[in-house]
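Subject: Structure handover

Hello,

Here is the structure I promised to pass on. Please open it first, then read my notes below.

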Amino acid sequence: MTDRIETFINSAAGKKVLGALGVNAPRELTRYNSKQRSFFSGRLLLGAGDNAALLANISAILAESDAEVLGDSNARLQCSALTANTLADASYAALVFDASGMRNALELVQAYRFFNANIRKLAPGGRIVILGRPHLAASDAEQAATQRALEGLSRSLAKEVGARGSTAQLITVAEGAENDFGSSLRFLLSPKSAYITGQVIAVSAVQQSGNVDWHKPLAGKTALVTGASRGIGEAIAETLARDGATVIGVDVAQMEQDLSKVMSRVEGQPLIADITASDAPAKIAAAAKKAGGIDLVVHNAGVTRDKTIANMTEQQWQMTLDINLAAAQRITRELLDQGLIRNGGSIVGVSSMNGIGGQRGQTNYAASKAGVIGYVDFMKNDENLLAHNISVNAVAPGFIETAMTAAIPLFTRMFGRRLNSLSQGGQPVDVAEAIAFFGNPLSRGVTGNTLRVCGQSWFGA
Ligand code: NAD
């Protein structure tokens with residue numbers, strides 16, 4: 001049955017039906033491998049609107065890559081160091097546009113001109129990044145509207161380029177954060193963000209310094225990952241270890257064998273604990289203390305207990321809320337109370353696109369995952385976190401190929417994985433890369449963000 005549906009989807013007739021719905025044949029996405037010398041290689045065209053404030057910073061970041069950077073005429077007028085774009089018929093691996101200076105709706109035509117002239121030249125698997133300012137920090141309503149307009153522009157560009165496996169995003173850079181958006185730009189230009197598109201990353205001003213090795217950004221760091229024995233948690237453990245972190249992986253007793261296997265592969269440390277048990281926060285805190293503190297806490301453990309609310313038992317409701325939301329809060333609280341999250345550390349929650357858009361049969365799950373977003377929204381202003389330069393963010397995965405999604409009914413699964421701009425499901429590593437990006441010491445300005453890893457899913461939009 002599965003094969004027949006896949007065969008239909010991949011047949012000429014199937015492609016026609018899906019094409020009419022805006023669903024394209026999936027294009028294989030390039031993901032990170034350690035042989036790539038830098039975060040980006042290839043030709044990149046940098047454009048700018050008037051009064052662009054970030055061009056020098058963008059150029060400095062790109063100078064550390066293997067990019068051949070060309071400037072359009074407006075960008076070169078404002079940043080003389082840029083090389084002229086004399087390649088009328090060239091193709092580009094990325095288009096980057098600095099819109100930070102735009103104050104008025106009619107100035108947006110500068111962005112229109114840049115993309116109108118160049119978007120056909122974006123190579124398959126290409127990247128678009130627009131840089132703007134947070135609209136709520138604008139000095140007047142016209143500027144706020146103009147900056148917010150960039151979100152609609154970038155999300156729509158993502159829909160236009162997704163069929164070719166390309167992505168488009170917006171980074172909003174707060175005043176004073178001009179030196180803090182490097183990790184975000186690198187991540188979005190790199191293959192590490194392959195399944196992320198149509199998203200906004202907000203960067204605020206923060207004290208951070210130093211360099212990190214692009215291939216080992218978490219060297220010397222310790223990460224705690226719950227639900228680490230399989231699926232997304234396993235990929236998180238592998239990715240954080242690949243990036244240099246020592247991982248403490250937590251899972252329930254029934255998963256002990258799987259957890260041990262994963263932990264021995266990543267040279268990490270298994271910790272058996274049901275996160276909802278009353279002694280779990282103390283047990284986890286004791287392990288954190290023994291490790292000398294934790295730099296990155298990842299609350300990944302989660303369950304679904306799907307039923308429409310009329311058919312759902314209270315136990316199914318309460319268990320889902322406890323594992324997915326309340327337990328993570330108790331553990332974070334204990335670690336913070338005992339001062340076990342190191343200065344410059346990071347807390348990451350795992351939400352879901354269904355926590356954003358809701359889902360039939362998932363009132364409990366969606367409530368818990370929306371709660372994760374609320375927690376992050378609130379905690380970004382927590383004085384204790386601010387004082388210790390600790391960031392708090394969430395990832396919101398869409399359709400990721402794991403045991404959890406393999407359990408979704410056949411038809412929903414077959415079509416569900418395709419209903420996004422990239423027309424495919426994501427891999428666990430895609431979620432893990434986003435978490436590693438939050439954990440990067442140079443991402444401290446990235447806090448209070450919920451980043452969807454969903455290929456710009458049509459759900460929860
Ligand atoms: P999974 O079921 O494969 O893995 C979840 C892990 O959490 C398991 O190892 C499980 O044993 C562990 N766990 C469950 N209850 C626990 C408890 N009380 N204490 C300790 N560990 C516990 O799921 P997955 O697909 O890898 O999902 C991981 C996270 O990503 C979850 O929070 C899930 O809600 C979220 N998510 C997944 C998808 C997806 O498409 N797979 C989409 C959105 C969000």
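Which residues come nearest to the ligand? They are R230, I232, D251, N300 and Y365, out of 28 residues around the ligand. Before you go further, note that this is a predicted model.

**The ligand**

Three of those residues have polar contacts that are easy to find. The side chain of D251 places a polar atom 2.6 Å from an oxygen atom of the ligand. R230 also uses its side chain: one of its N or O atoms is 2.7 Å from a ligand oxygen. I232 works through its backbone instead, with a polar atom 2.8 Å from an oxygen atom of the ligand. How much of the ligand does the protein bury? On its own the ligand exposes 830 Å², and the protein buries 94% of that.

**The sheet with β8 to β14**

Start with the strand order. Seven strands make up this open sheet, and they run β10-β9-β8-β11-β12-β13-β14. The pairing is parallel. Which strands stand at the edges? They are β10 (269-272) and β14 (450-453). Each has a single partner strand, so one side of each has no neighbour in the sheet. From one strand to the next, the twist averages 20°.

Helix α9 (residues 256-265) packs on this sheet. The helix touches β9 (246-251) and β10. Its direction makes about 160° with that of β10.

Now look at β11 (residues 294-299). Six of its six residues are buried, so the strand is largely enclosed by the rest of the structure. Strand β8 (residues 222-226) is joined to β11 by three bridges, running parallel. Within that pairing, A223 stands opposite L296 of β11. Strand β12 (residues 341-350) also pairs with β11 in the parallel sense, over five bridges. There, V297 has I347 of β12 as its bridge partner.

At the β14 edge, four bridges link that strand to β13 (residues 391-397). These two strands run parallel. One pair to find is V395 with its bridge partner L451 in β14.

**The sheet with β1 to β7**

There is another open sheet of seven strands. What is its strand order? The order is β3-β2-β1-β4-β5-β6-β7, with parallel pairing. Here the edge strands are β3 (83-84) and β7 (200-203), and each pairs on one side only. Strand β2 (residues 66-71) meets β3 over two bridges, in the parallel sense. In β3, T83 is the residue opposite L70.

Two helices are worth tracing against this sheet. Helix α5 (residues 109-118) packs on the sheet and touches β1 (41-48), β4 (92-98) and β5 (122-132). The direction of α5 makes about 175° with that of β4. Helix α6 (residues 141-161) lies across β5, β6 (167-173) and β7. Relative to β5, α6 runs at about 175°.

Strand β5 deserves a second look. Eight of its 11 residues are buried, leaving the strand mostly covered. Six bridges pair β5 with β4, in the parallel sense. R127 of β5 is the bridge partner of A94.

**R133 and helix α7**

Follow the chain on from β5. R133 sits in the loop between β5 and α6. Is R133 buried or exposed? R133 is buried, with a relative accessible area of 9%. Its side chain has a polar atom 2.9 Å from the backbone oxygen of V173. The same side chain reaches the backbone oxygen of A174 at 3.4 Å. Leaving aside residues up to four places away in sequence, R133 touches A53, L54, S100, Q147, T172, V173, A174, E175 and E178.

Last stop: helix α7 (residues 182-189). How many of its residues are buried? Eight of the eight are, so α7 is largely enclosed by the rest of the structure. The buried residues are G182, S183, S184, L185, R186, F187, L188 and L189.

That is the handover. Over to you.

Best wishes

Terms used
Residues are numbered from 1 along each chain as its sequence is written. This is a predicted model: local features need pLDDT of at least 70, side-chain atom pairs count only at pLDDT 80 or more; totals for chains, interfaces and linings use all residues. Side-chain values use heavy atoms; hydrogens and water are left out. Two strands pair if DSSP finds at least two bridges between them. Axes are lines fitted to C-alpha atoms, for helices over the stretch in contact, and angles run from 0 to 180 degrees between N-to-C directions. Contact means heavy atoms within 4.5 Å. A residue is near a molecule or strand if one of its heavy atoms lies within 4 Å of it. A polar contact is a pair of N or O atoms within 3.5 Å; within protein, one must be able to donate a hydrogen and the other to accept it, and residues adjacent in sequence count only if both atoms are side-chain atoms. Accessible areas come from the Shrake-Rupley method with a 1.4 Å probe; for residues, only the protein chains shown count as cover. Buried means under 20% relative accessible area, exposed over 50%, partly exposed in between (1.4 Å probe, protein chains only).
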